[in-house]
Protein chains: 2
Amino acid sequence: MTTRGSRRLPPEQRRRQLIDAAIELYSQRPFEQVSVEDIAAAADVSRALFYRYFTSPGELFAAASRVAIDGLVARLTTPAEGPLDQRLRHGVAEFVDFVEHHPAAFVAVVRNSSAISTETGGLVKEVRLAIVDVIKAGAGLTGELPLIDLTIWCWAAAMEEATLRWLREPVLGKDALIDWMTGQLLAMLMATGQFSAG
Amino acid sequence: MTTRGSRRLPPEQRRRQLIDAAIELYSQRPFEQVSVEDIAAAADVSRALFYRYFTSPGELFAAASRVAIDGLVARLTTPAEGPLDQRLRHGVAEFVDFVEHHPAAFVAVVRNSSAISTETGGLVKEVRLAIVDVIKAGAGLTGELPLIDLTIWCWAAAMEEATLRWLREPVLGKDALIDWMTGQLLAMLMATGQFSAG
């Protein structure tokens, strides 16, 4: 409806517009297949304007991922009170809720995690490490527990897959997905507990 | 010890030499950071010779991944007899054994799975689908079981992570790793079974 460049936006809004357009594209295609031209076209701006805000798609993708990750990590908490399964379920529900409301950002970061290797791989790692901390705190586990850390890390990787698939094909309702994910976490933790003991 | 190009190899051997050199490099660095020059240097051949065998690093990586994947999938079987946990453990042991003997190929394919998006992402998918089939057969499960399929798929994704970490830092011995992985699989399957029933 508007001619390219006809809307004058404050820099922060324009930057955010580019980030949102890029997140949408990166959720549909791998990183290498998205060009500056694609992003500029999706944000309805010129190529030159893109370069006023970012030096490369890599820099934009890093910025977009950072916005998404910070939003997710800030929400990951478990309550201090209540039965174990309910405490953990709360953290899982926050994760699923984030994914449901920011599907493009989630898909973009997970799908491209190894493309911008260090930077974004580092972001996925950051989320998993945050998840390990939150779940350990929620389960009242403290200190160095390499096998427990490994178990939660692996669960987080598994649940990235489960939620990616759920976004594409929701075989379970949202509450059922959260229940199932919580059940998987408890089962994995218990199996590791028995393994360590045995 | 040999001058570049001094050894004359039959084409199939030369091709394999390039594939092996590339697998080694891709296990250390992300796909985008490996050039034709790097591969040629590692295989001790000229850039021109590389192009006699492959049109691009992408084509070589696809060929290298194909070799690795075929070798792994061919080994994934479970025996028809014996207790459930032992049958599943056999399949898990084949997987870990492959990873132990082909660490570079495993790391290269998993690390770069989204880089050469469709092709290699497709290869990781192929392995996970093979794992789903083998585990279902091993557990005597047949037919359409979307939640069981999801559970095994997620377990496979989790175990890719566990084995990647194990290669870097073997906190468990090989047998203990296989036991732990089998225990995680049984726990996840049982939790899903209870979930479906409940």
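Visitor: How does chain B lie relative to chain A?
Guide: Chain B can be laid on chain A by a turn of 180° and a shift of 0.0 Å along the axis, with an RMSD of 0.0 Å. That's the relation of a two-fold axis. Keep in mind that this is a predicted model.

Visitor: OK, and how many residues are in contact between the chains?
Guide: 27 residues of chain B are in contact with 27 residues of chain A.

Visitor: Which helices of chain B supply the side that touches chain A?
Guide: α8 (146-168) and α9 (174-197) of chain B each supply at least two residues of that side. α8(B) gives the most, with 10 residues.

Visitor: What's the mix of nonpolar, polar and charged there?
Guide: On the side of chain B that touches chain A, 17 residues are nonpolar, six are polar and four are charged.

Visitor: And why say the copies meet through the same surface?
Guide: Because 100% of the interface residues of chain B are also interface residues in chain A.

Visitor: Switching to the core. Which residues have the most contacts inside the largest nonpolar one?
Guide: Those are A22(A), A158(A), A22(B) and A158(B), in a core of 116 residues.

Visitor: Let's stay with A158(A). What does A158(A) touch, leaving out residues up to four places away in sequence?
Guide: A158(A) touches C154(B), W155(B), A157(B) and A158(B).

Visitor: New topic: how is chain A divided into domains?
Guide: Chain A has domain 1 (11-56) and domain 2 (61-197). Taken over C-alpha atoms, the centres of these two domains of chain A are separated by 28 Å.

Visitor: How many residues of each domain of chain A are in contact with the other?
Guide: Nine residues of domain 1 of chain A are in contact with 12 residues of domain 2 of chain A. The domain 1 side of that contact in chain A divides into six nonpolar residues, one polar and two charged.

Visitor: Last thing, the backbone. What's the phi of D44(A)?
Guide: Phi of D44(A) is near 60°, a positive value in a residue other than glycine.

Visitor: Where does D44(A) lie?
Guide: D44(A) lies in the loop between α2 (36-42) and α3 (47-53) of chain A.

Visitor: Is D44(A) buried, exposed or partly exposed, and why?
Guide: D44(A) is partly exposed, because 16 other C-beta atoms lie within 10 Å; buried would take 20 or more, and exposed 12 or fewer.

Visitor: And what about D44(B), what's its phi?
Guide: D44(B) has a positive phi of about 60° although it is not a glycine. D44(B) lies in the loop between α2 (36-42) and α3 (47-53) of chain B.

How values were computed
Residues are numbered from 1 along each chain as its sequence is written. Chains are lettered from A and ligands numbered from 1 in the order in which they are written. This is a predicted model: local features need pLDDT of at least 70, side-chain atom pairs count only at pLDDT 80 or more; totals for chains, interfaces and linings use all residues. Two residues are in contact if their C-beta atoms, placed from the backbone, lie within 7 Å. Helices (H or I, at least four residues) and strands (E, at least two) are DSSP runs, numbered from the N terminus. Ala, Val, Leu, Ile, Met, Phe, Trp, Tyr, Cys and Pro count as nonpolar, Asp, Glu, Lys and Arg as charged, and the others, Gly among them, as polar. Domain bounds come from an automatic or database domain assignment. A nonpolar core is a set of buried Ala, Val, Leu, Ile, Met, Phe, Trp, Tyr and Cys residues joined through C-beta atoms within 7 Å. Copies are superposed by least squares on the C-alpha atoms of residues with pLDDT of at least 70 in both.
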